[in-house]
Amino acid sequence: MPKPRSIVILTGAGISRESGLDTFRDPGGVWDKVRLEDVATPDAFRRDPNRVHAFYNARRAQLNAVEPNAAHRALGELDRAWTGDLLLVTQNIDDLHERGGSQRLLHMHGTLRHVRCLGCAAVSPWLEAADTETPCPVCGQATLRPDVVWFGEVPLHMDAIMDALSVCDLFVSIGTSGTVYPAAGFVELAGRQADTLELNLEPSGGGAFDRSLSGPATELVPRFVADLLS
Ligand code: APR
């Protein structure tokens with residue numbers, strides 16, 4: 001394969017599975033344990049904000065117990081070494097890509113490490129638990145929400161992501177079931193001009209990719225990065 005000039009990589013929960021974080025839709029995954037309608041919609045937050053806060057507080061606390069794995073670290077190495085265009089788009093709200101060394105990174109579904117104030121709109125770094133009594137560090141109002149994108153909300157950074165998808169010549173999808181839009185549609189958009197490659201425990205189905213490799217991310221991603229950098 002000729003070396004690409006411009007790469008877009010999309011990741012999902014599968015890349016963090018071997019760090020110890022559950023995926024959503026695998027057996028025993030997050031949506032087996034809790035109904036997404038109860039914790040991951042604007043309506044759920046209106047109905048019971050402290051239940052929603054508790055769900056994200058628990059997930060934020062988990063971040064202290066996990067480390068980036070070989071797949072995150074390989075993408076960090078690619079970011080350091082790759083002189084061409086590169087954009088890593090993650091659907092994950094964990095911080096394992098940044099801790100693995102990735103800088104050219106956009107969190108399209110937000111991040112656990114920030115809260116957003118519904119009063120003054122400030123987005124603030126956040127490492128602790130939050131609830132309906134917690135004051136915003138900027139304006140003092142107790143109107144914080146997790147800075148994550150819920151079902152029914154518009155993902156973040158979409159202009160920059162669409163621009164990168166429209167010019168890349170390699171699109172790689174890692175550890176995502178490809179069931180949640182708009183991310184699920186990226187392969188079709190990029191595929192108009194780019195080679196498309198899937199690295200996943202099992203092919204996500206639909207046959208949308210030019211190539212699909214099956215296996216754990218900690219094996220496939222370091223091999224993919226080593227090939228690109230060789
Ligand atoms: N290595 C590679 N892939 C893996 C691994 C692994 N070790 N373990 C699981 N997978 C794959 C699964 O086969 C599955 O295809 O990762 C995928 C995870 O899919 P989902 O659980 O649906 O997660 P994701 O695609 O990230 O979900 C998208 O849904 O609920 C929302 O907002 C949430 O961002 C999330 C979005």
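**Figure 1. Helix α10 and its buried side.** In this predicted model, helix α10 comprises the 13 residues 217–229, which at 1.5 Å a residue should span 18 Å; the C-alpha atoms at its ends are 18 Å apart, so the expected and computed lengths agree. Ala217, Leu220, Val221, Phe224 and Val225 are the residues of α10 shown as buried. Around the helix axis they cover an arc of only 125°, and therefore lie on the same side of α10. Ala226 and Asp227, on the other side of α10, are exposed. The packing partners of the buried residues of α10 are two helices, α1 (14–17) and α6 (70–81), and three strands, β7 (170–174), β8 (195–200) and β9 (211–214).

**Figure 2. Helix α6 and its surroundings.** Helix α6, one of the elements against which α10 packs, is built from twelve residues. From its first C-alpha to its last, α6 reaches 16 Å, close to the 16 Å expected at 1.5 Å a residue. Its buried residues are Ala71, His72, Arg73, Ala74, Leu75, Gly76, Leu78 and Asp79. These buried residues pack against the strands β1 (6–11) and β2 (85–90), and against the helices α1, α7 (96–99) and α10.

**Figure 3. The largest nonpolar core.** This core holds 35 residues, and those with the most contacts inside it are Val8, Ile9, Cys168, Phe171 and Val221. Two or more residues come from each of β1, α6, β2, α8 (158–167), β7, α9 (186–191), β8 and α10. The greatest contribution is that of α10, with five residues. Cysteine 168, apart from its neighbours within four places in sequence, is in contact with Ser6, Ile7, Val8, Ala190 and Ala194. Another core lies apart from the largest one; it has seven residues, among them Ala40, Tyr56, Ile93 and Leu112.

**Figure 4. Helix α5.** For the 14 residues of helix α5 (residues 49–62), a rise of 1.5 Å a residue gives an expected span of 20 Å, and the end C-alpha atoms are 20 Å apart, which agrees. Val52, His53, Tyr56 and Arg60 are buried in α5. Their arc around the axis is only 95°, which places them on the same side of the helix. The buried residues of α5 pack against α3 (36–39), α4 (42–47), β4 and β6. Tyr56 is also one of the residues of the seven-residue core that lies apart from the largest core.

**Figure 5. The shell around the ligand.** The ligand is surrounded by 23 residues, of which the closest are Gly12, Gly14, Thr23, Thr176 and Ser177. By class, the shell divides into six nonpolar, twelve polar and five charged residues.

**Figure 6. The cis peptide bond at proline 182.** Most peptide bonds are trans. The bond from tyrosine 181 to proline 182, however, is cis, with omega near 10°. Proline 182 belongs to the loop between β7 and α9. It has 13 C-beta neighbours inside 10 Å and therefore counts as partly exposed. Alanine 142 is 40 residues from proline 182 in sequence, and the two C-alpha atoms are 32 Å apart in space.

**Figure 7. Two residues with a positive phi.** Most residues other than glycine have a negative phi. Alanine 121 is not a glycine, yet its phi is positive, at about 75°. Alanine 121 is located in the loop between β4 (110–117) and β5 (123–125). Because it has 10 C-beta neighbours inside 10 Å, alanine 121 counts as exposed. Histidine 157, also not a glycine, has a positive phi of about 65°. The loop that holds histidine 157 runs between β6 (144–148) and α8. Histidine 157 has 13 C-beta neighbours inside 10 Å and so counts as partly exposed.

**Figure 8. Methionine 162 in helix α8.** Methionine 162 is placed in helix α8, an element that gives two or more residues to the largest nonpolar core. Methionine 162 itself counts as exposed, because 12 C-beta neighbours lie inside 10 Å. Its C-alpha atom is separated by 28 Å from that of asparagine 69, and the two residues are 93 residues apart along the chain.

Note on methods: Residues numbered from 1 in each chain as written. Predicted model: local features only at pLDDT ≥ 70, side-chain atom pairs only at ≥ 80, totals over all residues. Helix = DSSP H or I, 4+ residues; strand = E, 2+ residues; numbered from the N terminus. Expected span 1.5 Å × (residues − 1). Buried ≥ 20, exposed ≤ 12 C-beta atoms within 10 Å, placed from the backbone. Arc of directions from axis to C-beta. Contact = placed C-beta atoms within 7 Å. Core = buried A, V, L, I, M, F, W, Y, C linked by C-beta atoms within 7 Å. Near = placed C-beta within 6 Å. Nonpolar A, V, L, I, M, F, W, Y, C, P; charged D, E, K, R; others polar.
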